[in-house]
Amino acid sequence: MSVQSVTLEKIVALCKRRGFVFQSAEIYDGINGVYDFGPLGAQLKQMIKAAWTKNVTSFAEDVVLLDGSILGSAQVWKASGHLDNFSDPLVDCLNCKKRFRADDPDINLDKACPSCGVKNWTGVRQFQLMFQTNLGALSDAASVAYLRPETAQAVFVNFKNVMTSSRVKIPFGIAQIGKAFRNEITPKQFLFRMREFEQMELEFFCKGEQASSFFDLWCERRKQFFINLGITPEKLRLRPHAADELAHYSKACFDVEYEFPFGWKELEGIANRGDFDLSQHSKFSGKELSVFDEATRTSYVPHVVECSVGVDRLFLTLLFDAYYEDNVEGEVRTVLRFSPKIAPVTAAVLPLTNKLTEQAENLYLDLKAKGYRLQFDASGSIGKRYRRQDEIGTPVCFTYDFQTLEDGTVTARNRDTLVQERIALDQVEGYLQRLLA
Ligand code: GAP
């Protein structure tokens, strides 16, 4: 039986089959660009977020956390530049009424619409990507607010609050994880381009003269973070933005890119934002956002190096990178080769037959009570149960069999090598600890 390579369709199907990701409100035909995360998906997201937080707070410089609001007033988005600049070029087909991004490589305005085959385009116009809403009962200009299109602005507007309450000193960072919303014209490639997604953003504040060396340092740290999560190093690269690609706030930007089946694409953006953000908010709010340098007895506006990655985009990257098919006993086996550090389930406990369920369950409950992420599975043939665990990326299965009753050992079966070894029951926890170290 031939083994094919990974495709987006296979990932989407696996995600649904095994409870990683569902189309939002699927029973009502779904919402385009919005997804719900099932039990394993929710767990994997937790793993990703915990790994990110641990990583960005592990270096010598202080990095503190923030959990800002999702709703932002029009003033915030005016000052940030999003009200004026955060738009994509939109074009409509007057025949089939479909909308497209005019800069989509698949769209050529000199040719017919790819959906209906008729050439009848509107002119290109700018489409604001922020979702607008109104606060309270009145629907007037003063009540307008926006769902945040990035988490970063909550960090900038709270810069002084954090500095004065936390006693942190420049250079330091503020890290935040939270939902962001963009009314993407054409959500694409499953979790790659969504309308509701989650970001993990680090805003690192430093003196202007330090910005370029911190920018280089964070580029290296961020790439290494993905390698440490188990992502294939050859499928990662740092790509500098050309001048005409830079966002309105950016002085320099590198993307960490991953080689997806649909090409090299941005996984994370790392930007030297200069003093744009604090200067803008200071100007628009009338509040002083500079800091005083004791050494030079002068005030300055800190510069910002930003590292911004989508939880969902990293989730998708991990799935693509871990997906693997091989041939076992004439059948195609699908495996997610997650690093044990992020696998949603670390180990499964499987009784060989129903007669052993109670004893095996004792092992499972004992380990579960100690905080390990485990599954217990007693239904179906042992081969089928191994396949189920392979497909969700469980690194090891412990099988409780009749020999266990005799000599107190279980089989530890390795997901990747398929090697089975016997280990004593009192060694199982040590085995798990080594796996997670
Ligand atoms: N604060 C900077 C910022 O938001 P960005 O390049 O627009 O920069 C940063 O977004 C990261 O957020 C991207 O690298 C990607 O991982 C994720 N992201 C952006 N738009 C997304 C979308 N529509 N769906 C899923 N993830 C998205």
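**Exercise 1. How many nonpolar, polar and charged residues does the lining of the second largest pocket have, by class?**

Solution. Keep in mind throughout that this is a predicted model.

- Step 1: Find the space. The second largest pocket holds about 370 Å³.
- Step 2: Find its centre. The lining of this pocket is made up of 14 residues, and A50, A51, K54, L229 and K341 are the closest to the centre.
- Step 3: Trace the elements. Helix 2 (39-56) and helix 7 (211-228) are the ones that give two or more residues to this lining. Helix 2 has the largest share, with 5 residues.
- Step 4: Sort by class. The lining of the second largest pocket has 8 nonpolar, 3 polar and 3 charged residues.

**Exercise 2. Describe the largest pocket: its volume, its lining and the elements that build it.**

Solution. Let's go from the space outwards.

- Step 1: The largest pocket contains about 1,600 Å³ of space.
- Step 2: Its lining consists of 49 residues, and those nearest the centre are R101, R182, R193, E266 and R313.
- Step 3: Several elements supply at least two lining residues each, among them helix 4 (82-85), strand 5 (87-92), strand 11 (196-206) and strand 13 (252-260). Strand 14 (263-274), strand 17 (303-310) and helix 9 (311-322) also belong to this group. Strand 14 gives the most, 7 residues.
- Step 4: By class, the lining of the largest pocket divides into 21 charged, 16 nonpolar and 12 polar residues.

**Exercise 3. Place the ligand and describe the residues around it.**

Solution. Start with the site, then look at the shell and the polar contacts.

- Step 1: The largest pocket is where the ligand sits.
- Step 2: Strand 11, strand 14 and strand 17 are the elements that give two or more residues to the shell around the ligand. Strand 14 has the largest share of this shell, 5 residues.
- Step 3: There are 21 residues around the ligand, and E150, R182, E201, E266 and L267 come nearest. By class, the shell has 10 charged, 7 nonpolar and 4 polar residues.
- Step 4: Now check polar atoms, with a cut-off of 3.5 Å between N or O atoms. A polar side-chain atom of E184 is 2.9 Å from a nitrogen atom of the ligand. M194 brings a backbone N or O atom to 2.8 Å from a ligand nitrogen atom. On the oxygen side, a polar side-chain atom of Q199 is 3.0 Å from an oxygen atom of the ligand.
- Step 5: Finish with the surface. The ligand taken alone exposes 550 Å², and the protein buries 91% of that.

**Exercise 4. Which peptide bond is cis, with omega near 0°, and which residue has a positive phi of about 60° although it is not a glycine?**

Solution. Both answers come from the backbone angles.

- Step 1: Recall the usual case. Most peptide bonds are trans, and most residues other than glycine have a negative phi.
- Step 2: Look at omega. The bond from I170 to P171 is cis, with omega near 0°.
- Step 3: Look at phi. R167, which is not a glycine, has a positive phi of about 60°.
- Step 4: Locate them. P171 is in the loop between helix 6 (159-166) and strand 10 (172-181). R167 is also found in the loop between helix 6 and strand 10.

Key. Residues are numbered from 1 along each chain as its sequence is written. This is a predicted model: local features need pLDDT of at least 70, side-chain atom pairs count only at pLDDT 80 or more; totals for chains, interfaces and linings use all residues. Side-chain values use heavy atoms; hydrogens and water are left out. On a 1 Å grid over the protein atoms alone, a cavity is a set of points where a 1.4 Å probe fits but cannot get out, and a pocket is an open set with protein on both sides within 12 Å along at least five of seven lines; lining residues have an atom within 4 Å of a point. Grid points are joined across faces, edges and corners, and a volume is the space filled by probe spheres set on the points. Helices (H or I, at least four residues) and strands (E, at least two) are DSSP runs, numbered from the N terminus. Ala, Val, Leu, Ile, Met, Phe, Trp, Tyr, Cys and Pro count as nonpolar, Asp, Glu, Lys and Arg as charged, and the others, Gly among them, as polar. A residue is near a molecule or strand if one of its heavy atoms lies within 4 Å of it. A polar contact is a pair of N or O atoms within 3.5 Å; within protein, one must be able to donate a hydrogen and the other to accept it, and residues adjacent in sequence count only if both atoms are side-chain atoms. Accessible areas come from the Shrake-Rupley method with a 1.4 Å probe; for residues, only the protein chains shown count as cover. A molecule sits in a cavity or pocket if more than half of its atoms lie within 2 Å of its grid points.
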